[in-house]
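Thanks for coming. I have one structure to go through today, and I will define the terms as they come up. Please look at the sequence and the model first.

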Amino acid sequence: MKLLKRIYNAIPTGIICLAVLGGLFTYLGCNMGVGNMINTIMYTAHDLLLQTVFFLMAVCVITGALGRLFVDFGVVKLMERLLRPFMKPLFGLPGAASLGAVVTFLSDNPAIISLAKEEGFKSYFKKYQYISLTNFGTAFGMGLLVIIYMFGQGYYAEPLLGFVGAICGAMVSTRMMQRFVVKAYPAYRDEMAATKAVEEMEKPEEEVKEPMFQRILNALLDGGKSGVDIGLAIIPGVLIISTLVMILTFGAPDSGIYTGAAYEGTELLPWLGAKCQVVFEWLFGFTDPHLIAFPITALGAVGAALSLVPSFITEGWIDGNAIAVFTAIGMCWSGFLSTHTAMLDTLGYRKLISKAILSHFIGGLVAAVIAHWLYELYVFIA
């Protein structure tokens, strides 16, 4: 190990960068053709911008407006008081964080960043707790969509078991991230995330001179404006990371001939996953190697992963256990590889991205394992 480290330090980083990028593009170009590779990258990024990023921006605008409204009118303070006994022992977070779980469950991961940028919301958190919001919010991202989608496929108890698994995964991911942050930066345990105290952020209602309608309008517009800024900030992370994940996840068209269209790829990640089929069968109870494609795809985009379910059902590869595991890992991971980078970058803690990704990866695995054994218990009792 020391020898490898010395060799690494002796080689200029520029050469390492060129070697990695050269190897990646050589692999893609040899499989897809150089022209098709370039077109697929461009078209995939363009489609992500139009279909995903602008959708996320709309989510950020709406949740930003609601978040500012909740802060100005004391909803966050109320939730802090009511849910503090549950949030602290389970997640190590103040009760106000439950609002982040609600908005991400109803929308998507970046929605919690709209709240986190509000000084009134930040004022409840120590720095180590504030940083872990990325993991906490992501574990609930698109939860409603995932559960309702599984209901639509004719499964009802299984998605609810997966939801419980996702909550357990959220606890593991959030707690682990907090430990990483405190270990790397001990001062963050006591430092507050906001620059002002809660009392300075929330004035008593009787002290506010503006009419009620004006207060509501200002809160909605100011919060929506912050959502636009956040929507712009997540563009680089989503386009770069998600495009890479998708081109390594999806395969060639049904004809087997690459055309350079969006979302074509080399299926490298599913191929690697198939080599670990025994492990996945032991951990998740998967009975078919094709099922590995769902968690791998969910790393980059849970919406794309959900689109695999109907074909799995048609082919007869899927069962109730797979639905429970898919719900847990799809909801907990919810495309975190394509959003974690942008979310932490937006919060101003880019240096902790690797720790957040590792924590959340483990949290998703725990969610899937718990969902699998909950399903086994459910079958045994039923």
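Helix α16 covers residues 277–284, and its buried residues are Q277, F280 and F284. Helices here are DSSP runs of H or I with at least four residues, strands are runs of E with at least two, and both are numbered from the N terminus. Buried means under 20% relative accessible area, exposed means over 50%, and partly exposed is in between, with a 1.4 Å probe and protein chains only. Seen down the axis of α16, the buried residues fall within an arc of 60°, so they line one face of the helix. The arc is taken over the directions from the helix axis to the C-beta atoms. The general background is that an α-helix has 3.6 residues a turn, so residues three or four places apart point the same way.

On the face of α16 turned away from the buried side are the exposed residues V278 and W282. The cover over the buried residues includes α15, α20 and α22, where contact means heavy atoms within 4.5 Å. Just after α16 comes G285, with a positive phi of about 75°.

Before going on, a word on the source. This is a predicted model, in which local features need pLDDT of at least 70 and side-chain atom pairs count only at pLDDT 80 or more, while totals for chains, interfaces and linings use all residues. Residues are numbered from 1 along each chain as its sequence is written, and side-chain values use heavy atoms, with hydrogens and water left out.

How confident is the predictor? pLDDT is its confidence in each residue, from 0 to 100. The mean pLDDT of the chain is 83, and 92% of its residues reach 70 or more. Among the elements, helix α11 (residues 157–184) has the highest mean, 95, and helix α12 (residues 198–201) the lowest, 46. Over residues 198–208 the pLDDT is below 50, and this stretch has 12 contacts in the model beyond near neighbours in sequence. Where pLDDT is low, the predicted coordinates should not be read in detail.

Next, aromatic rings. F284, from the buried side of α16, belongs to one aromatic cluster with F286, F294, F312, W317 and F326. Across the whole structure, the search finds 17 aromatic pairs. Rings of Phe, Tyr and Trp (its six-membered ring) pair if their centres lie within 6.5 Å; planes under 30 degrees apart count as stacked, over 60 as edge-to-face, and the rest as tilted. Why is the pair of W333 and F361 stacked? The ring centres of W333 and F361 are 5.3 Å apart and the planes are at 15°, so the pair is stacked. This pair links distant parts of the chain, with W333 in helix α20 (residues 320–333) and F361 in helix α22 (residues 353–381), 28 residues apart. W333 is buried at 3% relative accessible area, whereas F361 is partly exposed at 34%.

Some rings have a charge over them instead. The rule is NZ of Lys or CZ of Arg within 6 Å of the ring centre and within 35 degrees of the ring normal. The charged end of R215 sits over the ring of F73, 4.3 Å from its centre.

Now the cores. A nonpolar core is a set of buried Ala, Val, Leu, Ile, Met, Phe, Trp, Tyr and Cys residues joined through side-chain atoms within 4.5 Å. The largest has 50 residues, and those with the most contacts inside it are F125, Y130, I131, L133, F136, F140 and Y349. The element giving the most to this core is α11, with 6 residues. Apart from it lies another core of 29 residues, among them A293, A322, V325 and F336.

Last, helix α3 and a loop beside it in contact terms. T40 is found in α3 (residues 34–72) and is buried, at 0% relative accessible area. Leaving aside neighbours within four places in sequence, T40 is in contact with M32, I247, G260, A261, A262, Y263 and E264. T44 is in α3 as well and is buried at 3%; not counting residues up to four places away, T44 touches T243, A262 and Y263.

Where is Y263 found? Y263 is in the loop between α14 (235–249) and α15 (268–274), and is partly exposed at 28%. Its phi is near 70°, a positive value in a residue other than glycine. Most residues other than glycine have a negative phi.

How values were computed:
pLDDT is the predictor's confidence in each residue, from 0 to 100.
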